[in-house]
Amino acid sequence: MIRIPLPIRVVTKGRITLGPPPAQASQPEPPEEEPAPDTQRAIPPPLPPEAQPGNGVWQR
Amino acid sequence: MATLSTAAKNAALDALATRLDTGTTFGRASIQILTSGFATGLFFNFLATSSPTFNAASGGSMSVRTLPNDWTGASADAIGTGVAASYLILDGNGAALISNATGIGLTGSGADIEMDNTNVRVGQGAILDSFELFIP
């Protein structure tokens, strides 16, 4: 058998450009400030008429 | 050592192109960029938009017909962080037919595939600017 070496050598030539690095993960926004609690004393709703002073219903 | 005529080189390259585009998994040739020694850190996988991947060989050289897009991962970006160093050229079934464990280098290095930056970050995209195979 006669073997003849063939100079088959495949050469690769390529070029790659990287894109921009990915953006950093955004920081979570701080929660909105809770409104300051109302330190004034809450005003109670008006009493019903029968509960007004002098309007009481007396029962024997 | 025998010598190959240009016609013989073209014939060999055309046969290789046909073989690379054979297979049902990907349907055509693809180019993978990996970490050193073909480690599992796959960065990019370039796949031509349609087959045939390569133009007919001419002058002992064969270039890709349409530059492949990076299709690694769901977002088509790098899926790992590290240094690109090796590459594989796969057939349409995903079998590696051509490889070089140290074939990636910086621009001007003379490496098979030159990159402007071999430090890849996960999520980073890439463009294959040019690619050809030839028989010297």
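Which side chains meet in a salt bridge at 2.9 Å, N to O? They are those of B:R19 and B:D91. This is a predicted model, in which local features need pLDDT of at least 70 and side-chain atom pairs count only at pLDDT 80 or more, while totals for chains, interfaces and linings use all residues; side-chain values use heavy atoms, with hydrogens and water left out. Residues are numbered from 1 along each chain as its sequence is written, and chains are lettered from A and ligands numbered from 1 in the order in which they are written. The model scores ipTM 0.84 and pTM 0.74.

**Confidence**

- Chain B has an average pLDDT (the predictor's confidence in each residue, from 0 to 100) of 88, and 93% of its residues score at least 70.
- Within chain B, helix α1 (residues 6-20) has the highest confidence, at a mean of 96, and strand β4 (residues 69-70) the lowest, at 74. Helices (H or I, at least four residues) and strands (E, at least two) are DSSP runs, numbered from the N terminus.

**Salt bridges**

- Over all chains, the structure holds two salt bridges. The term stands for a side-chain nitrogen of Lys or Arg within 4 Å of a carboxyl oxygen of Asp or Glu.
- In the bridge between B:R19 and B:D91, B:R19 lies in helix α1 of chain B and B:D91 in the loop between β6 and β7 (96-100) of chain B, so the pair ties together parts that are 72 residues apart in sequence.
- The two partners differ in cover: B:R19 is partly exposed, with a relative accessible area of 40%, whereas B:D91 is buried at 2%. Buried means under 20% relative accessible area, exposed over 50%, and partly exposed in between (1.4 Å probe, protein chains only).
- A:R15 forms a salt bridge with B:D129, with 3.7 Å between the closest N and O atoms. A:R15 belongs to strand β1 of chain A and B:D129 to strand β11 of chain B, so this pair joins two chains.
- Both ends of the bridge between chains are partly exposed: A:R15 has a relative accessible area of 39%, and B:D129 has 25%.

**Nonpolar core**

- The largest nonpolar core has 30 residues, of which B:I33, B:F44, B:F54, B:M115, B:F131 and B:L133 touch the most other members. Such a core is a set of buried Ala, Val, Leu, Ile, Met, Phe, Trp, Tyr and Cys residues joined through side-chain atoms within 4.5 Å.
- Two or more residues of this core come from each of β1 (11-18) of chain A and α1, β1 (30-34), β2 (44-47), β6 (86-90), β9 (113-115) and β11 (126-134) of chain B.
- Leaving aside residues up to four places away in sequence, B:M115 is in contact (heavy atoms within 4.5 Å) with residues of both chains, including A:I16, A:L18, B:I33, B:F44 and B:V120.

**Chain A and its surface**

- Chain A has one strand and zero helices. Of its 60 residues, 8% are buried.
- The accessible surface of chain A is about 6400 Å², with 58% of it belonging to carbon and sulfur atoms. Accessible areas come from the Shrake-Rupley method with a 1.4 Å probe; for residues, only the protein chains shown count as cover.
- A:I2, A:I4, A:L6 and A:I8 form a nonpolar surface patch with about 460 Å² of accessible area together. Patches are made of residues with over 30% relative accessible area and no salt bridge; like charges are joined within 9 Å, and nonpolar side chains (Val, Leu, Ile, Met, Phe, Trp, Tyr) within 5 Å.
- One of the patch residues, A:L6, sits in the segment before β1 of chain A and is partly exposed at 47% relative accessibility.

**Local features of chain B**

- B:V83, in strand β5 (residues 82-83) of chain B, is partly exposed, with a relative accessible area of 44%. Among the residues it touches are B:L34, B:F43, B:T118 and B:N119.
- B:V83 and B:T118 are 35 residues apart in sequence, and their C-alpha atoms are 5.4 Å apart.
- B:F43 is placed in the loop between β1 and β2 of chain B and is buried, at 0% relative accessibility. Its C-alpha atom is separated by 9.1 Å from that of B:V83, 40 residues away along the chain.
- B:S51 and B:P52 are joined by a cis peptide bond, with omega about 0 degrees; B:P52 is in the loop between β2 and β3 (61-63) of chain B.
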